[in-house]
Amino acid sequence: MPDTQLDHHAHRPATGRYPLCLLAQNVRRPANVGSLFRLADALGVEKLFLAGTTCTPPHPKLHTAARHTEQHVPWEYASDPLPVVAALKAVGYRIIGLELSSASIALEQLRIAPGDRICLVLGNESVGICQALLDATDATVHIPMRGHNSSMNVANACAIATYVITQKLG
C-alpha cells in the first residue's frame, strides 16, 4: 500500500496537556514568539508566559507565525518574570532554564520524575536568560552543539527541549 499524505483538515488532536509551561523573557522577534505558540499547541504545553519585552498578541507577524494558535494556547503577560517563577515554585513547578551556563547540563541528562511539573525558561535571542532569572532556576540545561556556533534559534531550541521533556514526562 502506498504512503499518501493525509488531509490536514481531518486532523483530530490528542486531548490533554503536559504539566509543562514555557516562560519567555525578552524574546523580541514576533516570528519567534509566534513559533512558541505554535509549538506549545503542537506539543501539548499547558501555558505560555510572556515577560519583559517579549512580543505579545495581537501582533500581525506573531499571528502569521503562530497560525492562529495564540487563540488556543493559554498565555499570560508579566512585565517581571520573577513573581511568575515564585508563583510557579509555590505550586510545585521545577524551573528549568534553557541556557549554556557554567552549571548547565546536557538536555538529555535532565532527570524528570513521575508527577514533575516543569517550567522551561527561555531568554532573549542575543543575550539569553538574564542573571536574576538564571539565579531563580532549579536547573539549567543546554543542547550540545556540534557545529561552530554555540547556540541556535530560541524557538528551534525550545522545540527540541519541549519534545525531550514531554517524552520524559510520558
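**Helix 5 and the core around it**

1. A good place to start is what covers the buried residues of helix 5: the list includes strand 1 (18–25), helix 1 (30–43), strand 2 (45–51), strand 4 (93–98) and strand 6 (117–122). Buried means under 20% relative accessible area with a 1.4 Å probe, protein chains only. Helices (H or I, at least four residues) and strands (E, at least two) are DSSP runs, numbered from the N terminus.

2. Please keep in mind that this is a predicted model, where local features need pLDDT of at least 70 and side-chain atom pairs count only at pLDDT 80 or more, while totals for chains, interfaces and linings use all residues. Residues are numbered from 1 along each chain, and side-chain values use heavy atoms, leaving out hydrogens and water.

3. The buried residues of helix 5 are V154, A155, A157, C158, A161, T162, I165, T166 and L169. They cover an arc of only 155° around the axis (taken from the directions from the axis to the C-beta atoms), which puts them on the same side of helix 5.

4. At the start of helix 5, the backbone nitrogen of A155 has a side-chain oxygen of N153 within 2.8 Å. Just after the helix, G170 has a positive phi of about 80°.

5. The largest nonpolar core (buried Ala, Val, Leu, Ile, Met, Phe, Trp, Tyr and Cys residues joined through side-chain atoms within 4.5 Å) has 33 residues, and I165 and L36 are among those with the most contacts inside it. Helix 5 gives this core its largest share, seven residues.

Conventions:
Buried means under 20% relative accessible area, exposed over 50%, partly exposed in between (1.4 Å probe, protein chains only). Contact means heavy atoms within 4.5 Å. A polar contact is a pair of N or O atoms within 3.5 Å; within protein, one must be able to donate a hydrogen and the other to accept it, and residues adjacent in sequence count only if both atoms are side-chain atoms.
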